[in-house]
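Biologist: I would like to learn how to read the features of a model like this one. Can we go through them one at a time?

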Amino acid sequence: MEQNSLLVMEHINKSFPGVIALKDVQFSLRAGEIHALLGENGAGKSTLIKVLTGIEHMDDGTVIMDGSHIAVKSPLEAQKHGISTVYQEVNLCPHLTVAENIYVGREPLKFGRIDWKEINKRSKKLLEEFELDIDVTKQLDQYSVAVQQMIAIARAVDVKAKILILDEPTRGIDIGAKAEIQKIVMKLAGDGMSCVFISSEMEEMLRCCSRMFVLRSKEIVAELTGEQINESYIMQCIAGEGDAKS
């Protein structure tokens, strides 16, 4: 295990009836790193993330975070360990207000009752840190998908996430909004948060990520850093023409 790794997944195996989903996968993530998971559809990326976040349970293997073994059996447990996920489909409640979405399940109380004034105040201040000047008392679905993704990322920051998993967060949104989300992710990494990025957009990966793991046929076949992170070589690895397994 790397001494400076925040997260290490070792010898992860997962099967479904008649299907191998992950085969002896080893994955690590450093503090403050933006790490890409690459591979064709069906390579195992989503299954690996589902194991890490407790949606699926691995058959074998270990997960180590901050030097301690952890067992993540549900998304709620993952959040308690500091692991948050933002999906392409916004995983918030569209009919609640922006502020309610940020603080749902952890509302501040005053005299035994939910302090809505404080919730709105904190939410507005949090979003201003992301250069979002919006009305936090409006329903979430009144805002664009791009803004909703930024709100989801802000919520992850506010729950003190150590690891932020981004699963196609910018698919289907305009170029300007993509750039804003990428800017936010890079700032969070600069502040010490670790990010795992899954994206079908190569330009986005090249811009944001400092290390990449390539999955093929349910295995990690390449770990790419430095000069290896270029579109030509990445595509060779995904296709099976340029393995750089370490």
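Biologist: Which residue in E2 does isoleucine 12 stand opposite?

Modeller: Keep in mind that this is a predicted model. Strands of a sheet pair through backbone hydrogen bonds, either parallel or antiparallel. Here isoleucine 12 stands opposite valine 25 in E2. Strand E1, residues 5–16, and E2 pair in the antiparallel sense, over eight bridges. Another pair in this ladder is serine 5 with its bridge partner in E2, arginine 30.

Biologist: What links E1 to E2 along the chain?

Modeller: The two strands form a hairpin, with two residues between them. In the turn, glycine 18 has a positive phi of about 80°.

Biologist: To which strand do five bridges join E1?

Modeller: To strand E4, residues 60–65, and the two run antiparallel. Asparagine 13 stands opposite aspartate 60 in E4, and valine 8 has isoleucine 64 as its bridge partner there.

Biologist: How does E4 pair with E5?

Modeller: In the antiparallel sense, over three bridges. Methionine 65 stands opposite serine 68 in E5. E4 and E5 form a hairpin with two residues between them, and aspartate 66 in the turn has a positive phi of about 55°.

Biologist: What is the order of the strands in the open sheet of four?

Modeller: The order is E2-E1-E4-E5, with antiparallel pairing. Strand E2 (19–30) and strand E5 (68–70) are the edges, each pairing on one side only. Neighbouring strands of this sheet are turned by 25° against each other on average, direction ignored.

Biologist: What is the order in the open sheet of six strands?

Modeller: That order is E6-E9-E10-E3-E11-E12, and the pairing is mixed. The edge strands are E6 (83–87) and E12 (219–225), and each pairs on one side only. Here the average turn between neighbouring strands is 20°, direction ignored. At the E12 edge, six bridges join E11 to E12, which run antiparallel. Leucine 215 stands opposite isoleucine 220 in E12.

Biologist: How many aromatic pairs does a search of the whole structure find?

Modeller: A pair of aromatic rings is described by the distance of the centres and the angle of the planes. The search finds one pair. The rings of phenylalanine 27 and phenylalanine 213 have their centres 5.4 Å apart and their planes at 85°, so the pair is edge-to-face. The cut-off behind that label is a plane angle over 60 degrees.

Biologist: Why does this pair tie together parts that are 186 residues apart in sequence?

Modeller: Because phenylalanine 27 lies in strand E2, whereas phenylalanine 213 lies in strand E11, residues 211–216. E2 belongs to the sheet of four, and E11 belongs to the sheet of six.

Biologist: Is phenylalanine 27 buried or exposed?

Modeller: Buried means under 20% relative accessible area. Phenylalanine 27 has 3%, so it is buried. Phenylalanine 213 counts as buried too, at 4%.

Biologist: And what does serine 74 count as, at 22% relative accessibility?

Modeller: Serine 74 counts as partly exposed. This residue lies in the loop between E5 and helix H2, residues 75–80. The C-alpha atoms of serine 74 and serine 210 are separated by 29 Å, and the two residues are 136 apart along the chain.

Biologist: How many of the eight residues of H1 are buried?

Modeller: Six, and the helix is mostly covered. The buried residues are Lys45, Thr47, Leu48, Ile49, Val51 and Leu52. Just after H1, glycine 54 takes a positive phi of about 85°.

Biologist: How much space lies in the largest pocket?

Modeller: About 420 Å³. Of the 23 residues that line this pocket, the closest to its centre are Gly39, Glu40, Asn41, Lys45 and Glu168. Lys45 is also one of the buried residues of H1.

Biologist: Which elements each supply at least two residues of that lining?

Modeller: Strand E3 (34–38), helix H1 (45–52) and helix H8 (231–239) each do so. E3 is also a strand of the six-stranded sheet, where its place in the order is between E10 and E11.

Biologist: How do the lining residues divide into nonpolar, polar and charged?

Modeller: The lining of the largest pocket has nine nonpolar, eight polar and six charged residues.

Methods: Residues numbered from 1 in each chain as written. Predicted model: local features only at pLDDT ≥ 70, side-chain atom pairs only at ≥ 80, totals over all residues. Heavy atoms only, no water. Pairing = 2+ DSSP bridges. Axes fitted to C-alpha atoms, helices over the stretch in contact; angles between N-to-C directions. Phe/Tyr/Trp six-rings, centres within 6.5 Å; stacked < 30°, edge-to-face > 60°. Buried < 20%, exposed > 50% of the residue type's maximum accessible area, 1.4 Å probe, protein only. 1 Å grid on protein atoms, 1.4 Å probe; cavity = no way out; pocket = protein on both sides within 12 Å on 5 of 7 lines; lining within 4 Å. Points joined across faces, edges and corners; volume = space filled by probe spheres on them. Nonpolar A, V, L, I, M, F, W, Y, C, P; charged D, E, K, R; others polar.
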